[in-house]
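Here is a friendly walk through a model that you can turn on your screen as you read. Please keep the sequence at hand too.

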Amino acid sequence: MAADAPWYEAALLVGITNALNVVADGLGTADSKPLLNPRGDEGTSSELASLFADIRAFYACQEIPAPFRLMANDPGYAADVWEAVKHAFSDHHLSRRFKEALAFAVSLTSRSTFGTAFHLAEMRRLGIGERGVMEVLGVTQMFSSYTKIADTLQLEPDMGHIAPVDRTPAPGGRAL
Amino acid sequence: MPTVRLRDAAEYPSAAQRLFELSKTWFNYEFEQPPAMSRVMAWDPGFGSPHGRAMKRAMGPGEFTRAEKEMVATVVSGVNACSY
């Protein structure tokens, strides 16, 4: 993890995970009447049918996750967001398996009912056992403690300098 | 600026010095002063010791590597908007 690339990848994942959670939790999920009607499968355009098929294939399930059905009221927008989500969660510098663990930690920390349940299920589907789940839970809980202690005492960062600096250029760019 | 005066390592009792040595080993870095959080935790060993042990259990390698767990810790800190 010494290079910057996995950290950029993680940051984008955190952002898009939060974006999905905001829509799912804010507009309502299975337990409450949604504030915006989720788009069903009936009468969908070929564009939307194709989008739903791609989502089902990626998650290997028939159920379309709540935020995508909500966003699908604007199929073009939903397709663009999905492209970003699929890219962010695919294997690259970080594995998809680990990315689901990160998304679970983000969702748990931000108290997202949708995200916590969804990414926990994805972790398990991708082969993470109960020990692995407990490991992520433990790190999330411990650092939810450290961060609040640090904030209460207004501690200033004092460890940033111990990490090496990555001098490589941006992807496709050239080194200065 | 911190709301408390962070004591120099030398102001702590000898039992805490051992905790500071463990901190150096954990981070594999020769600090001039132990990190602020280590000094906070050493203030009350009755809390800091079990909290530190729980942290080490959680951060040790298992299904995920220590490096992966450091990344999980970073994103949790980010979501909590903690700059420390």
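What follows covers the fold of one chain, the contact between two chains, and a few backbone details.

This is a predicted model, in which local features need pLDDT of at least 70, side-chain atom pairs count only at pLDDT 80 or more, and totals for chains, interfaces and linings use all residues. Residues are numbered from 1 along each chain as its sequence is written, while chains are lettered from A and ligands numbered from 1 in the order in which they are written.

**Chain A**

Let us start with chain A, which has seven helices and zero strands. Helices (H or I, at least four residues) and strands (E, at least two) are DSSP runs, numbered from the N terminus. Read from that end, the elements of chain A run α-α-α-α-α-α-α. The C-alpha trace of chain A spans about 55 × 40 × 30 Å along its principal axes. Of the 176 residues in chain A, 32% are buried. A residue is buried if 20 or more other C-beta atoms lie within 10 Å of its own, exposed if 12 or fewer, and partly exposed in between, with C-beta atoms placed from the backbone. Among contacts in chain A with a separation of 6 or more, 67% join residues 24 or more positions apart; two residues are in contact if their C-beta atoms, placed from the backbone, lie within 7 Å.

**Where the chains meet**

How many residues of chain A are in contact with chain B? There are 36, and they meet 35 residues of chain B. On the chain A side, helix H1 (5-27), helix H5 (96-109) and helix H7 (130-152) each supply at least two residues. H7(A) gives the largest share of that side, 16 residues. By class, the side of chain A that touches chain B has 21 nonpolar, ten polar and five charged residues. Here Ala, Val, Leu, Ile, Met, Phe, Trp, Tyr, Cys and Pro count as nonpolar, Asp, Glu, Lys and Arg as charged, and the others, Gly among them, as polar.

**Positive phi values**

Most residues other than glycine have a negative phi, and the table lists residues with a positive one.

| Residue | Phi | Place |
|---|---|---|
| A:Arg111 | near 55° | loop between H5 and helix H6 (113-125) of chain A |
| B:Ala81 | near 55° | segment after helix H4 (66-79) of chain B |
| B:Asn28 | near 50° | follows H1(B) |

A:Arg111 is exposed, with 11 other C-beta atoms within 10 Å. B:Ala81 also counts as exposed, with 8 C-beta neighbours inside 10 Å.
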